[in-house]
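Student: Could you walk me through reading a model like this one?
Tutor: Sure, have a look at it and then ask away.

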Amino acid sequence: MKSLAELEEIRKKTLEQISLRTNKDGLRIVVGMATCGIAAGARPVMTALLEELKKRNISNVSVTMTGCIGVCKLEPVIEVINPDGSKVTYVKMNAEKAVRVVAEHVVNGRVCTDLTIGASEVK
Amino acid sequence: MQNIYRAHVLVCGGTGCTSSNSEKIMTELEAQLQANKLENEVKIVKTGCFGLCAEGPIVVVYPEGSMYTMVQIKDVKEIVEEHLLKGRIVKRLLAGDKEAEDITKSLDGVGFFTRQLRVALRNCGVINPEVIDEYIAFDGYKALAKVLTEMTPEQVVDTVKKSGLRGRGGGGFPTGLKWEFAAKQTADQKYVCCNADEGDPGAFMDRSVLEGDPHSLIEAMAIAGYAIGSNQGFVYVRAEYPIAVKRLQIAIEQAKEYGLLGKNIFGTGFDFDLEIRLGAGAFVCGEETALMTSIEGHRGEPRPRPPFPAVKGLWQKPTILNNVETYANIPVIFLKGAEWFASIGTEKSKGTKVFAVGGKINNTGLVEVPMGTTMREVVYDIGGGIPNGKKFKACQTGGPSGGCIPAEHLDTPIDYDSLIALGSMMGSGGLIVMDEDTCMVDMAKFFLEFTVDESCGKCPPCRIGTKRMLEILDRITAGKGQDGDLDKLELLAKNIKASALCGLGQTAPNPVLSMIRFFRSEYEAHIKDKKCPAGVCKSMMQYVISAEKCKSCNICAKQCPVNAIKGEKKVPYVINQEKCIKCGVCMEKCPFKAIFKNV
């Protein structure tokens, strides 16, 4: 170790990897992964979310799983939860839609209104 | 690029949890993750001690922060399949109130943790101690960088002085002053030593820091080296701590690889190297002069002071010697400032103190609280009180060098000076809680047996004096106490305190003195009435079967190892007191609670 810059670089890089343990105020994305969700393809959705977050170097968003929310016919379901507890529920997800949610909702703060549970009811 | 995981599973790898199978839990976890194809999504992290040893093995799952306690190998499958696969927290394994409805119950919500302030233990149970990058991520080695590039050695000493940090190993000497003495010496070679020879029965905070956060010690010792002008450090740790030694070795190697130990650190021209010296586990080697004698390769025996180590220490060179917990506070002082540190605690005792809480208490484990916290808060609010609804009698601080604090002083704020005023001392932070079933004569005898065993034998007051004191206590507990025994004990104690060579001898009589001071009537009951009120001293109690409650079931007679119990159907059983060895098995096994102690 010859410089402070090197130390700082290791610090930042590792912090990203372990931010999961310290992050208390970022967004939380919950993926429904009960039998119904998995059967409808929740796993590729989650993998896509993780990869997109990684690609964009976003470390303050955690991705977790949950059980069946109860609307099995709309699976895969994901919910984006704000630190204040308010949330947006997206339904009938797939990998492409997941990438869109990260790009539009997580990064730019614009809810993808056409993918929400409300939108699906109108149809 | 390394993989980003969506969940981290932290498994405690401290000595406590390791002895209750946490290694096997980790192996099972790996197998279950693979079986469910989660190995690329979930990361397993081996950490240091969380502090809640009574509830171990402990597993924490992030991002939720769910803390699972008393996890068994068969529970692992459920954690993986329920929590990690389906996101359903396994409620029955959660810490604290297992029936809690709150499914998001996390580490921060457990009462045991909410009242603590973790400074020395800041990284224990948070990082993987075998990965230097994780320490760096939590601002590790930043303090060393700041010290080497922005501060002069005088400023470093000044900062430590201003923080008000005092030695956490026993004596409570101001750390900054110690460093200043050594810094002012001129010599061709100086040394920085760490005392990790934690010998007090029941104390294990130093072990936990070594196991959970070894890099903080390395960083602090390098800072100390810069402050006093030394380029060589030694960590003296007992070989009885194999996990701690292994992790420290790994940490030193990683630090060397990164150039954080060795030549020209951060390109500043400052060199510092660190070596481990293993001790054989003698209590006396925790005394600073004996410790240094042992590092030099001689038999660990103390020598008179002065000269103090800061003037003539290791190989006659100026040396500073601090305890592990003291060092663990150093990096934080430089990161957050001396003023921040000095704002915690009481007027003369700054910062926090770690206590290893054991004995008759629900939450056995490690607790870190600001100085000035009362004993009641530690025992009841954090420690969870006394098991089985028993009454608190006293707690022993400072191990075999300290004294007891009885119930009437439970509200005393804990700091160096208030404990000394009570005839005890902070010591290294062992806290042994005693309930109403503890005999204070027996307890004093226990500590004295320890010091007699561990006396190095160099000076007569300690070698012979403590032995004579033990003989008197033996006599008292055997029901053969004589009038004047207490005076003799006090006189012997006074003389040993005044004339023993080292700190350990001088403080060896403390437990006896303190227990006589607060529980004199109990001692007098042993001597005059030949009674042990707590029913512990075997010569003064009998196990008796109640004729009314006995159902003649024969269970006690079958269990008795010396066939001392006889009886027939429909006739109450009787214990032959001459044969009885007072092991207590009959009382434990009696299904009708018909057997009791007669004191």
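What follows is a short chat about reading the model shown here.

Tutor: Some ground rules: this is a predicted model, where local features need pLDDT of at least 70, side-chain atom pairs count only at pLDDT 80 or more, and totals for chains, interfaces and linings use all residues. Residues are numbered from 1 along each chain as its sequence is written, while chains are lettered from A and ligands numbered from 1 in the order in which they are written.

Student: What does chain A average in pLDDT?
Tutor: pLDDT is the predictor's confidence in each residue, from 0 to 100. Chain A averages 84, and 92% of its residues score at least 70. Within chain A, helix 4 (residues 95-107) has the highest confidence, at 92, and helix 5 (residues 117-122) the lowest, at a mean of 74. Helices here are DSSP runs of H or I with at least four residues, strands are runs of E with at least two, and both are numbered from the N terminus.

Student: How many residues of chain B are in contact with chain A?
Tutor: Two residues are in contact if their C-beta atoms, placed from the backbone, lie within 7 Å. By that rule, 25 residues of chain B meet 24 residues of chain A. Helix 5 of chain B gives the most to its side, with 4 residues.

Student: Why does the radius of gyration of chain B agree with a compact globule?
Tutor: The radius is taken over C-alpha atoms, and the globule rule is 2.2 Å times the number of residues to the power 0.38. With 599 residues, that puts a compact globule near 25 Å, and chain B has 26 Å, so the two agree. The C-alpha atoms of chain B fill a box of roughly 85 × 65 × 40 Å along the principal axes.

Student: What percentage of chain B counts as buried?
Tutor: Buried means 20 or more other C-beta atoms within 10 Å of a residue's own, exposed means 12 or fewer, and partly exposed is in between, with C-beta atoms placed from the backbone. In chain B, 53% of the 599 residues are buried.

Student: Which side chains point to which face along strand 15 of chain B?
Tutor: In strand 15 (residues 542-545), Tyr543(B) and Ile545(B) point to one face and are buried, while Gln542(B) and Val544(B) point to the other and are not. Strands pair if DSSP finds at least two bridges between them; strand 15 of chain B has 4 bridges to strand 18 (residues 595-598), running antiparallel. Ile545(B) stands opposite Ile595(B) there.
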